[in-house]
Amino acid sequence: QVQLQACGGGLVQAGDSLRLSCAASGGTFSSYAMGWFRQAPGKEREFLAAITWSGGRTVSADSVKGRFTISRDNAKNTMYLQMNSLKPEDTAVYYCAADKVYYGRDPPRYHYWGQGTQVTVSS
C-alpha cells in the first residue's frame with residue numbers, strides 16, 4: 001500500500017517550464033512503477049509518461065514527447081515530471097499513479113493514485 005501526493009502545479013505563461021513532483025509514503029517506493037496522467041474538464045484521463053521502478057526505462061505519450069520528461073529519485077521517495085515549452089492546451093489537472101506490476105499507458109491498471117495538481121497555462 002502506498003499513498004501518493006502530487007504537487008507543484010500552478011499558473012504559468014506559454015513557453016514557461018514547470019516541474020511537478022509526486023511524493024510517496026506508506027510503502028516501498030522503489031518497488032513501484034510510476035506514471036503521470038492529466039485530465040482536462042470533460043475529458044478522459046490522458047497518459048503522459050511512465051517509468052519503471054528502477055528508473056531505467058521510460059515511455060512518453062507522443063503529444064508531450066520532447067517537452068515532458070519523467071524521472072524519479074528513490075532515495076527521496078519522489079517522482080518528477082519536468083514540463084518545458086508549456087502550451088495553453090497543457091492546461092489540466094495532473095495526476096501521479098503507481099503500481100507494483102504494471103508499467104504502461106492504461107490508467108485502470110494503476111492501483112494507486114495521488115490527488116491532482118492543477119496546471120494552468122496562459123497564452
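Cys-22 is buried, with a relative accessible area of 0%. The model that holds this residue is predicted, and the cysteines are a convenient place to enter it. Cys-96 is likewise buried, at 0% relative accessibility. The two residues are joined by a disulfide, with an S to S distance of 2.1 Å. A search of the whole structure finds 1 disulfide. Its two ends come from distant parts of the chain, as Cys-22 belongs to strand S3, residues 18-25, and Cys-96 to strand S9, with their positions 74 residues apart. The torsion about the S-S bond is about 65°, so the disulfide is right-handed.

What keeps Cys-7 from bonding to the closest cysteine sulfur? That sulfur belongs to Cys-22 and lies 8.2 Å from the sulfur of Cys-7, which is too far for a bond. A disulfide requires the two sulfur atoms to be within 2.5 Å. Cys-7 is partly exposed, with a relative accessibility of 34%.

The view can now widen to the whole chain. The protein chain contains 11 strands and 0 helices. Read from the N terminus, its elements therefore run β-β-β-β-β-β-β-β-β-β-β. The radius of gyration is 13 Å, close to the 14 Å that the globule rule gives for 123 residues, so the chain is as compact as a globular protein of that length. Along its principal axes, the C-alpha trace spans about 40 × 30 × 25 Å.

Contacts and surface add to this picture. Of the contacts with a separation of 6 or more, 57% are between residues 24 or more positions apart. Buried residues account for 43% of the 123 residues. The chain exposes about 6,300 Å², and carbon and sulfur atoms supply 45% of that area. As for charge, there are 13 positive and 9 negative side chains, and the centres of the two sets lie 5 Å apart.

Strand S3 leads on to a loop. Gly-26 is found in this loop, between S3 and strand S4, which covers residues 33-39. Is Gly-26 buried or exposed? At 59% relative accessibility, Gly-26 counts as exposed, since the cut-off for that class is over 50%. Leaving aside neighbours within four places in sequence, Gly-26 is in contact with Gln-1, Val-2 and Gln-3. Gln-82 is 56 residues away from Gly-26 in sequence, and the C-alpha atoms of the two are 25 Å apart in space.

Beyond that loop comes strand S4, where Ala-33 lies. Ala-33 is buried, with a relative accessible area of 7%; the cut-off for buried is under 20%. Which residues does Ala-33 contact, leaving aside neighbours within four places in sequence? They are Ile-51, Thr-52, Trp-53, Arg-72, Ala-97, Ala-98, Asp-99, Tyr-102 and Tyr-103. Thr-58 is 25 residues from Ala-33 along the chain, and their C-alpha atoms are separated by 10.0 Å.

The next stop is strand S5, residues 46-51, which holds Phe-47. Phe-47 is buried, with a relative accessible area of 8%. Its C-alpha atom is separated by 6.6 Å from that of Trp-36, a residue 11 positions away along the chain. Trp-36 is also one of the contacts of Phe-47 once neighbours within four places in sequence are left aside. The others are Phe-37, Val-59, Ser-60, Ala-61, Gly-104 and Arg-105.

Two loop residues further along deserve a look at their backbone angles. Most residues other than glycine have a negative phi. Asn-77 has a phi near 55°, a positive value in a residue other than glycine. Where is Asn-77 placed? Asn-77 lies in the loop between strand S7, residues 68-73, and strand S8, residues 78-83. Asn-77 is partly exposed, with a relative accessible area of 30%.

Ser-85 has a positive phi as well, near 50°, and is a residue other than glycine. Ser-85 lies in the loop between S8 and strand S9, residues 92-99. With a relative accessible area of 41%, Ser-85 is partly exposed. Strand S9, on the other side of this loop, brings the reader back to Cys-96 and its disulfide with Cys-22.

Methods: Residues are numbered from 1 along each chain as its sequence is written. This is a predicted model: local features need pLDDT of at least 70, side-chain atom pairs count only at pLDDT 80 or more; totals for chains, interfaces and linings use all residues. Side-chain values use heavy atoms; hydrogens and water are left out. Helices (H or I, at least four residues) and strands (E, at least two) are DSSP runs, numbered from the N terminus. The radius of gyration is taken over C-alpha atoms; the globule rule is 2.2 Å times the number of residues to the power 0.38. Buried means under 20% relative accessible area, exposed over 50%, partly exposed in between (1.4 Å probe, protein chains only). Contact means heavy atoms within 4.5 Å. Accessible areas come from the Shrake-Rupley method with a 1.4 Å probe; for residues, only the protein chains shown count as cover. Lys and Arg count as positive and Asp and Glu as negative; His and the chain ends are not counted. The place of a charge is taken as NZ of Lys, CZ of Arg, CG of Asp or CD of Glu.
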